[in-house]
Amino acid sequence: MSTATDNKARKAPAGERVADWADGRLGIYSLAKANMRKIFPDHWSFMLGEICLYSFIIIILTGVYLTLFFHPSMNEVEYHGSYVPMQGVLMSEAFASTLDISFDVRGGLLIRQIHHWAALIFVAAMIVHMMRVFFTGAFRKPREVNWIFGFLLLVLGMFTGFTGYSLPDDLLSGTGVRFMQGAILSVPVVGTYLSMFLFGGEFPGGDFVARFYSVHILLLPGIMMGLLVAHLILVFYHKHTQYAGPGKTNNNVVGMPLLPVYMAKAGGFFFLVFGVISVVAAVASINPIWALGPYRPDHVSTGAQPDWYMGMPEGLIRAMPGWEINLWGHTLVLGVFIPLILFPLVLGAIAVWPFIESWVTGDKREHHILDRPRNVPTRTAFGVAWIAEYIVLLIGGGNDMFAQYFHLSINAITWFVRIGFFAVPVVAFIVTKRICLGLQRRDRDKVLHGRETGIIKRLPHGEFVEVHEPLPQGKLHTLTAHEQYKPIEIGPTVDENGVERKVKATEKLRAKLSKGFYAEGNQIPKPTVEEYKEIQSGHGHH
Amino acid sequence: MSSQEIPEEKHLPSEQGDAHHGGVAVADDPFADPGLPVHKPRIQDIDERAAKRSERTVAMLFTLSMLATIGFIASYVIFPVDKIVYIFPLGKVSALNFALGMTLGIALFCIGAGAVHWARTLMSDVEVADDRHEIAASPEVKAKVLQDFADGANESGIGRRPLIRNTMLGALAMLPLSAVVIMRDLGPLPEDKLRHTMWAKGKLLINQNTMEPLRPEDVLVGSLTFAMPEGLDEHQHDFQTQIAKAALMIVRIQPEDIKDKQELEWSHDGIVAYSKICTHVGCPISLYEQQTHHVLCPCHQSTFDLSDGARVIFGPAGHALPQLRIGVNGDGFLEALGDFEEPVGPAFWERG
Ligand code: HEM
Ligand code: FES
């Protein structure tokens with residue numbers, strides 16, 4: 001191979017020469033110096049973000065394949081493919097080509113099903129990943145921007161899913177599109193205009209599949225790709241958070257290097273996720289459009305259900321009373337418009353929390369040690385209340401299914417959702433806070449009195465006690481590493497000269513919230529060294 | 001964010017981690033960070049035979065993946081695309097889909113499992129610590145950047161020449177208007193499109209099942225009949241859009257059971273015709289309860305009483321279904337006596 005340069009002392013191996021070439025143009029050595037052995041902490045909950053990433057990649061790969069065969073056209077054609085029950089039926093080209101992908105393209109059905117399953121898992125994984133970030137406080141400074149990027153990915157993911165499953169133009173998805181069009185019509189003043197512009201005229205017209213197509217395969221994934229890359233760059237740049245533990249401080253990051261361990265684990269995990277989704281797609285059919293038939297605005301399948309992530313708006317619209325106000329020749333369709341407004345509000349409630357929390361604490365420091373949810377009772381309670389609200393609305397979205405399954409009347413479920421919409425989050429908040437405080441107390445006891453050993457000892461005077469074993473120092477440290485805020489005080493409202501000081505309403509609110517978050521009774525003071533020493537020295541004598 | 005009134009920092013806890021950075025255990029503090037625990041070797045680290053076993057497991061997984069890929073290609077060639085097989089407990093499934101999905105899944109999974117097993121058992125699992133550095137720049141860097149910016153802005157003269165600044169902002173602000181204007185042809189203006197359907201005086205009611213014009217005697221008590229206007233053909237290009245508004249449902253009710261006066265007037269011999277499109281968000285109504293004359297929308301369960309002007313008796317719909325006035329023509333066929341008098345389907349701002 002290398003005859004001409006044999007006289008040189010040493011010839012760099014081929015890989016090194018390629019790297020040299022690239023370094024001279026891209027500066028890869030400097031890049032690798034900082035990153036190749038970058039440390040990543042390991043914890044199962046950090047894999048949730050990876051599932052999001054991998055399902056997104058799977059979606060892109062399978063989606064590109066589908067575009068090779070799908071015809072985004074609403075022209076009506078007569079079907080003559082190999083699915084016998086649909087022979088001769090009039091349908092849009094979009095529907096016909098989806099049948100072709102399912103029945104005539106070898107492997108097409110598999111790719112379709114992987115694509116759909118991956119989309120469901122993608123949105124689910126994003127929500128769970130978001131919950132892990134929320135409950136551990138990983139959104140605190142410096143990660144607020146990444147929190148917002150992530151939230152945008154979630155919202156865009158939901159809309160990408162919606163536009164995607166509308167493309168085959170089948171009876172079920174068409175019903176969903178009609179639902180969306182009806183909701184758009186309810187927008188005051190501009191609703192009819194929006195609907196006409198979106199559909200190129202009256203519903204359904206002949207345009208929406210082609211329009212949804214470019215939104216689904218280009219616009220939204222393009223934006224998401226940008227956000228996702230930014231999201232990951234920030235994860236790299238900030239370095240990953242870690243849970244408290246021996247040797248872990250706010251100024252370091254403890255784990256294993258990117259090359260080789262993290263790369264092998266994360267890379268391997270991609271294949272695991274892809275493999276599992278493939279097997280699911282092999283054994284569980286999803287969106288069998290051939291059983292539904294092509295869309296006709298005057299036909300409907302019973303038990304029409306959207307993909308699960310759209311169940312929340314579905315619940316809102318089902319539970320809302322049909323209010324309509326007619327005034328001065330105009331109609332305010334509150335029964336549909338209010339759910340349309342509540343949808344982003346309910347979803348967005350979780351997104352603004354980090355900013356409320358940082359305003360209340362006034363904490364401007366960086367945080368890299370994750371919270372245990374119990375140690376931040378108010379935040380945890382809010383998160384659980386939000387999840388509870390979401391579940392109430394999902395139940396509302398499937399009210400007919402629940403009614404059938406549990407032999408309840410739809411009326412009863414609707415009223416449950418109406419009342420539960422207000423009551424359940426409140427109850428969930430209170431109960432969660434209590435549980436957190438209970439767990440904090442338990443940690444406190446564990447630190448002060450040690451771990452229960454399960455060994456019962458009989459004292460000389462006949463009393464039975466359980467032997468407690470003091471915790472090792474690492475454990476003591478872990479359980480006491482968390483910070484505890486004190487509620488902020490407004491201070492005297494009259495200054496030393498007796499002149500009244502004006503306190504802004506926002507400041508009063510802030511002080512009040514701070515009290516609700518951190519005052520006595522809203523968190524259990526963690527044990528102090530003095531308390532510990534006192535109890536430990538008294539031990540055994542008792 | 002102003003918080004002048006409240007002295008900052010006072011309520012903040014002491015810096016986390018700082019006090020015992022580096023894990024130097026303070027003798028006096030039982031809660032102090034003892035530092036990273038010493039690394040415990042795994043069996044593979046001390047026993048070469050165990051390491052060999054791990055190596056073989058990983059290699060076996062990778063080999064399995066190769067076999068599965070061969071299986072994928074073989075399935076693709078062997079199974080006809082339309083072959084259906086029975087597989088317990090899935091039932092009847094496409095043989096090709098099942099075989100391709102399983103082999104692909106195994107091929108992928110084994111690569112993943114192999115890599116993860118390799119990482120967990122054979123790669124170093126010593127935990128190391130890296131330092132973090134504050135994200136915010138040092139005051140010197142910040143001062144330098146601000147100075148650079150000021151210099152740049154100064155050299156451009158943007159502050160000194162408001163004429164340039166203002167016209168530039170104006171030009172940039174106006175430019176997107178073109179992008180907005182060019183969207184105009186996305187669709188027509190609504191005008192009164194949503195107020196009209198194909199129905200008109202004299203149009204026959206075509207039975208959607210038989211595609212024949214309906215006679216009064218075809219409409220039986222207790223049955224729900226779907227109809228569309230004469231002249232609407234499935235093959236015409238705007239069929240979907242027309243049927244989305246014109247779809248009709250017809251029932252026969254004993255005239256004495258009809259509670260609404262106008263409904264009775266617009267009916268023929270107890271036959272009433274209503275829009276099939278739900279007034280909530282537009283699903284087609286499909287269920288009919290003959291005893292009560294209630295119809296139910298399957299989408300969100302809005303229920304309308306067809307014997308009482310189709311008013312809403314349950315569910316999220318906001319107003320009654322529009323009724324079509326019908327009669328019988330000279331040849332004894334049911335006919336429309338005009339269009340709907342109010343818009344069909346979901347409500348909108350201009351509906352009034
Ligand atoms: C396309 C969807 C998403 C992808 C591909 C993705 C991917 C990732 C990955 C791989 C990580 C690092 C590992 C981890 O901590 O799990 C991460 C971290 C993070 N994600 Fe996401 N994520 C997505 C959506 C979201 C959402 C919906 C949120 C919240 C609204 C979010 C907020 C964050 C934050 C704040 C971090 C930093 C956490 C830390 O360092 O502890 N992400 N993301
Ligand atoms: S569309 Fe009929 S109830 Fe919602």
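**Salt bridges and a sheet shared between chains**

Arg140(A), Glu357(A), Asp371(A) and Arg379(A) are tied together in a network of salt bridges. The model here is a predicted one, and across all its chains it holds 28 salt bridges.

One of these runs between chains: Lys245(B) pairs with Glu202(A), with 2.6 Å between the closest N and O atoms. On the chain B side, Lys245(B) sits in helix H7 (residues 239-246), while on the chain A side Glu202(A) belongs to the loop between helix H8 (191-199) and helix H9 (208-238). Lys245(B) and Glu202(A) are both buried.

Within chain A, Arg318(A) makes a salt bridge to Asp400(A), and here the closest N and O atoms are 2.9 Å apart. This one brings together distant parts of the chain, with the two positions 82 residues apart: Arg318(A) comes from helix H12 (residues 311-319) and Asp400(A) from helix H15 (residues 399-406). Buried means under 20% relative accessible area. Arg318(A), at 2% relative accessibility, therefore counts as buried, and Asp400(A) counts as buried too, at 13%.

Another salt bridge in chain A joins the side chains of Arg365(A) and Asp363(A), at 2.8 Å from N to O. Arg365(A) has a relative accessible area of 11%, so this residue is buried. Its partner Asp363(A) comes out at 9% relative accessibility and so counts as buried as well.

Turning to the strands, chains A and B both contribute to an open, three-stranded sheet, in the order S1(A)-S5(A)-S3(B), with antiparallel pairing. The edges are taken by strand S1 (39-40) of chain A and strand S3 (128-131) of chain B; each has a single partner strand, which means that one side of each is left without a neighbour in the sheet. In general, the strands of a sheet pair through backbone hydrogen bonds, and the pairing can be parallel or antiparallel.

The link between chains in this sheet is the pairing of S5(A) with S3(B). Strand S5 of chain A, spanning residues 252-257, is joined to S3(B) by four bridges, and the two strands run antiparallel. Among the residues involved, Val254(A) has Ala129(B) as its bridge partner in S3(B). Helix H10 of chain A, made up of residues 258-283, lies across S1 and S5 of chain A, and its direction is at about 75° to S5(A).

Technical notes. Residues numbered from 1 in each chain as written. Chains lettered and ligands numbered in written order. Predicted model: local features only at pLDDT ≥ 70, side-chain atom pairs only at ≥ 80, totals over all residues. Heavy atoms only, no water. Pairing = 2+ DSSP bridges. Contact = heavy atoms within 4.5 Å. Axes fitted to C-alpha atoms, helices over the stretch in contact; angles between N-to-C directions. Salt bridge = Lys/Arg side-chain N within 4 Å of Asp/Glu carboxyl O. Buried < 20%, exposed > 50% of the residue type's maximum accessible area, 1.4 Å probe, protein only.
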